[in-house]
4 protein chains.
Amino acid sequence: MPAATSSNGKDARANGRGARERILEAASKVLAERGYQRANLDEIISLSGTSKGSFYFHFPSKEQMVVGLLDQLSARLVKKVEQSLEKEERPLRRIALAIDTLMYTFSRRRKLAQMLLVNVAGQGKAMDRKFLPVHRRFAALIQRELDLAVAAGAIPPQDTALASQMWLGALHEVILRWLLAEHPTALSEALPALRALLLRSVGVDPAALKKEPRA
Amino acid sequence: MPAATSSNGKDARANGRGARERILEAASKVLAERGYQRANLDEIISLSGTSKGSFYFHFPSKEQMVVGLLDQLSARLVKKVEQSLEKEERPLRRIALAIDTLMYTFSRRRKLAQMLLVNVAGQGKAMDRKFLPVHRRFAALIQRELDLAVAAGAIPPQDTALASQMWLGALHEVILRWLLAEHPTALSEALPALRALLLRSVGVDPAALKKEPRA
Amino acid sequence: MPAATSSNGKDARANGRGARERILEAASKVLAERGYQRANLDEIISLSGTSKGSFYFHFPSKEQMVVGLLDQLSARLVKKVEQSLEKEERPLRRIALAIDTLMYTFSRRRKLAQMLLVNVAGQGKAMDRKFLPVHRRFAALIQRELDLAVAAGAIPPQDTALASQMWLGALHEVILRWLLAEHPTALSEALPALRALLLRSVGVDPAALKKEPRA
Amino acid sequence: MPAATSSNGKDARANGRGARERILEAASKVLAERGYQRANLDEIISLSGTSKGSFYFHFPSKEQMVVGLLDQLSARLVKKVEQSLEKEERPLRRIALAIDTLMYTFSRRRKLAQMLLVNVAGQGKAMDRKFLPVHRRFAALIQRELDLAVAAGAIPPQDTALASQMWLGALHEVILRWLLAEHPTALSEALPALRALLLRSVGVDPAALKKEPRA
DNA sequence: GATGAATGAGTATTCATTCAT
DNA sequence: TATGAATGAATACTCATTCAT
């Protein structure tokens with residue numbers, strides 16, 4: 001039960017935000033823990049301190065809610081990466097920065113990683129297609145940076161669409177293994193080696209990163 | 001464990017194999033199409049031409065059946081790759097051959113790919129852990145080849161465990177996108193570029209492959 | 001009860017009538033299409049361009065609204081029949097006229113028919129009883145005309161209450177079949193034969209209608 | 001909870017019949033009392049002494065179960081009428097007999113009447129169409145008898161399809177009113193008058209019934 | 001008069017698993 | 001070995017009604 005709504009605007013609801021937001025936050029938790037199918041609406045609802053009716057007032061269905069949530073979260077993450085790139089113009093450094101920011105963010109927010117990367121597939125072909133945009137969005141981000149690097153002559157011309165898919169999958173798997181590990185080591189430890197692998201795959205000598213000149 | 005179905009063809013069932021095999025085959029189909037959770041035992045059973053009771057005579061639970069099936073299939077695939085490597089001793093060629101065989105097999109058997117790669121995650125942390133051995137087995141295969149190449153001096157010393165994870169993820173994602181595409185192009189078209197990306201990532205000039213000398 | 005919506009057109013709503021009327025009209029449509037139980041308040045409200053709160057300001061409950069609507073509509077229809085009888089005093093002609101007017105009106109307003117005749121039963125005994133007054137009102141109309149005819153000696157004395165029930169049921173079923181037919185023919189085509197059946201049932205030679213003398 | 005199944009074939013289940021039959025019987029009761037929509041599956045199931053799973057093992061859905069039940073019941077009733085007609089060849093008497101048997105059966109089995117006649121409409125156009133076959137079956141029975149009478153010269157040629165619809169509606173309404181009455185009088189009291197009304201409607205002098213000669 | 005967010009009891013349906021035969 | 005009827009907990013979704021603003 002939520003605390004009674006008081007009319008002083010201070011703590012309008014249990015934890016200060018609208019029901020819609022509270023539902024999405026609760027859903028994040030449950031989805032991260034249980035996956036899409038086992039994520040129980042009743043649990044999400046009771047965790048959010050709202051009601052069945054409220055849920056269906058704000059969302060047309062469980063599926064739409066999850067799709068919307070993943071969309072929101074992935075957009076937020078992409079934005080965060082964009083911001084980290086704002087002050088960097090050297091293409092190779094931008095690429096490295098994008099990788100670092102993604103990995104760093106996921107390492108700080110396991111639930112986010114669990115949801116965006118793991119619980120987004122394996123629901124049958126029909127559902128998987130619904131979740132595909134999340135993949136596409138991350139891949140597009142990587143591809144754009146690779147294209148910039150190609151244009152700047154920093155890496156050789158190549159199939160950047162394929163490379164970005166490959167990178168995404170690589171990040172995905174490394175994070176997945178980290179998430180499922182019983183006693184995971186810090187994700188950051190693997191970062192330098194992973195970054196080197198990815199850069200080399202598109203033809204960059206990782207050592208070149210250090211010497212990259214400003215434009 | 002039931003006694004092995006007698007292999008003398010005398011009283012085999014309708015289509016010539018034991019109930020256990022027929023169930024596993026039916027399960028392959030349904031799992032590929034629907035994913036783990038939505039894969040319905042009733043459908044698997046009716047497709048296999050057996051009965052509920054027969055299913056539970058041969059398998060202790062749906063979960064164990066699926067884990068066993070994935071285990072069997074991945075073992076079979078690994079064996080196939082091993083066989084393709086039998087007559088090749090040059091480490092870089094072995095690596096390329098492993099990639100090629102994996103990709104070729106998946107491209108010919110979409111269902112297999114769907115099951116082993118896609119429907120193996122996103123079921124909640126507990127279940128995902130159960131499916132992890134499949135990942136491990138493929139990664140181990142790749143890692144062994146990388147280690148051989150390192151030992152032979154064909155590639156520089158490096159974290160081959162990480163590299164093999166990365167490779168697996170890369171293959172996974174590329175295949176996933178191919179599986180979910182509305183109008184997929186042949187997977188083989190992407191193969192050379194993908195192979196080049198992977199090889200470069202561990203420090204091999206793809207061109208070196210051609211010139212690799214026999215031991 | 002709310003004060004009557006002011007009839008000066010000053011601040012009438014979007015389409016010129018009060019919320020109450022707009023709700024009733026929307027309810028007609030939805031009830032005709034879906035039946036009582038499946039008629040969704042949300043749909044009625046959005047169709048009427050009002051709000052939940054407005055609905056419950058004007059009506060105490062869905063049930064009362066529907067009972068009131070059926071009451072209103074049946075009263076209106078009865079009034080229409082009365083008007084058609086105003087200038088006719090010959091009892092047999094009055095009877096025929098009543099049938100004709102009812103059938104003609106229903107044939108022009110399918111929704112009305114659907115609602116008054118079809119969606120008024122089958123909701124369980126308790127609800128059905130609530131809808132009974134509609135039946136009674138129509139039956140009373142018919143019975144009154146039959147009684148007049150008996151009094152005038154135009155038809156033999158008989159159980160006019162039963163006859164009027166029977167007539168109502170007959171009309172009901174014929175209209176129902178017309179409403180549910182995939183490719184309905186004009187209702188008017190069946191009218192002469194139906195009229196003849198009904199008149200004969202109470203002992204009138206349909207041919208007598210033509211020769212009926214003025215009082 | 002059903003009594004434990006005993007292996008002596010005598011009282012295999014709670015009340016001696018299979019689950020399917022017990023469900024249908026329970027459904028009859030609940031449908032008669034509550035109508036289609038309000039008929040609660042939980043109640044039907046607990047009344048039948050079975051379980052949710054058992055219900056869905058025997059029937060694909062509530063709707064199909066009800067359609068099947070009505071079909072079965074109406075078929076049974078039609079059969080009963082047919083049997084009552086077996087030894088009567090005089091067409092007018094057959095007609096009267098059919099009416100009498102229908103009315104008598106309904107008067108003895110209120111629930112049957114409630115279900116077949118009342119709770120079969122008013123669920124929205126889509127559902128109503130599903131229930132239409134029940135109407136058709138009864139109307140066809142009546143029409144056949146009317147056609148026989150026409151062929152035998154016992155009644156004048158006419159639109160017997162329309163007449164049978166009308167008769168059905170008439171019977172329906174009379175029974176409905178009887179069912180919904182607070183203090184119903186015996187249905188049989190109204191029977192002679194009703195029979196007379198119906199016979200006259202198709203041009204038979206009810207008195208002629210008595211004198212009808214054997215073929 | 002009007003709004004729309006919130007409520008929560010109610011409902012049909014799914015499905016892995018059991019067990020008497 | 002095999003059968004299939006039976007079980008019942010789980011689950012997404014509906015919808016009339018309330019009430020603070």
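This report describes a predicted model of protein chains with DNA, covering chain symmetry, domains, interfaces, the surface near one DNA strand, and one helix.

**Symmetry of chains A and B**

Two copies of a chain are related by a rotation about an axis and a shift along it. For chains A and B, a turn of 180 degrees with a shift of 0.0 Å along the axis lays chain A on chain B with an RMSD of 0.1 Å. That is the relation of a two-fold axis. The same surface serves both copies, since 100% of the contact residues of chain A recur in chain B. Ser201(A) is the residue of chain A that comes closest to the rotation axis, with its C-alpha at 1.9 Å.

**Domains of chain A**

The domain assignment splits chain A into domain 1 (16-59) and domain 2 (63-204). Taken over C-alpha atoms, the centres of these two domains of chain A are separated by 27 Å. Contact between them involves 10 residues of domain 1 of chain A and nine residues of domain 2 of chain A. On the domain 1 side, the touching residues divide into six nonpolar, three polar and one charged.

**Chain-chain interfaces**

Chain A meets chain B through 39 residues, which are in contact with 39 residues of chain B. On the chain A side, the elements that give two or more residues are α1 (19-38), α7 (125-151), α8 (160-180) and α9 (187-201) of chain A. Among these, α8(A) gives the most.

Chain C is in contact with chain D through 39 residues on the chain C side and 39 residues on the chain D side. Here the elements of chain C that give two or more residues are α1 (19-38), α7 (125-151), α8 (160-180) and α9 (187-201). The largest share comes from α8(C). The table lists the composition of one side of each interface, together with that of the domain 1 side in chain A.

| Side | Largest contributor | Nonpolar | Polar | Charged |
|---|---|---|---|---|
| Chain A touching chain B | α8(A), 13 residues | 18 residues | 11 residues | 10 residues |
| Chain C touching chain D | α8(C), 13 residues | 18 residues | 11 residues | 10 residues |
| Domain 1 of chain A touching domain 2 of chain A | not listed | six residues | three residues | one residue |

**Surface near DNA strand F**

There are 39 residues around DNA strand F, and those that come nearest are Leu41(A), Ser51(B), Gly53(B), Leu41(C) and Gly53(D). By class, this surface has 11 nonpolar, 18 polar and 10 charged residues. Chains A and C each supply at least two residues from α2 (41-48) and at least two from α3 (52-58). In chains B and D, α3 (52-58) supplies at least two residues in each case.

**Helix α2 of chain B**

Helix α2 (residues 41-48) of chain B has the buried residues Ile44(B), Ile45(B) and Ser48(B). They lie on the same side of α2(B), because they cover an arc of only 95 degrees around the axis. An α-helix has 3.6 residues a turn, so residues three or four places apart point the same way. The buried residues of α2(B) pack against α1 (19-38) and α3 of chain B. Asp42(B) and Ser46(B) are exposed, and they sit on the face of α2(B) turned away from its buried side. Just after α2(B) comes Gly49(B), which takes a positive phi of about 70 degrees.

Definitions and conventions: Residues numbered from 1 in each chain as written. Chains lettered and ligands numbered in written order. Predicted model: local features only at pLDDT ≥ 70, side-chain atom pairs only at ≥ 80, totals over all residues. Least-squares fit on C-alpha atoms with pLDDT ≥ 70 in both. Contact = placed C-beta atoms within 7 Å. Near = placed C-beta within 6 Å. Helix = DSSP H or I, 4+ residues; strand = E, 2+ residues; numbered from the N terminus. Nonpolar A, V, L, I, M, F, W, Y, C, P; charged D, E, K, R; others polar. Domains from an automatic or database assignment. Buried ≥ 20, exposed ≤ 12 C-beta atoms within 10 Å, placed from the backbone. Arc of directions from axis to C-beta.
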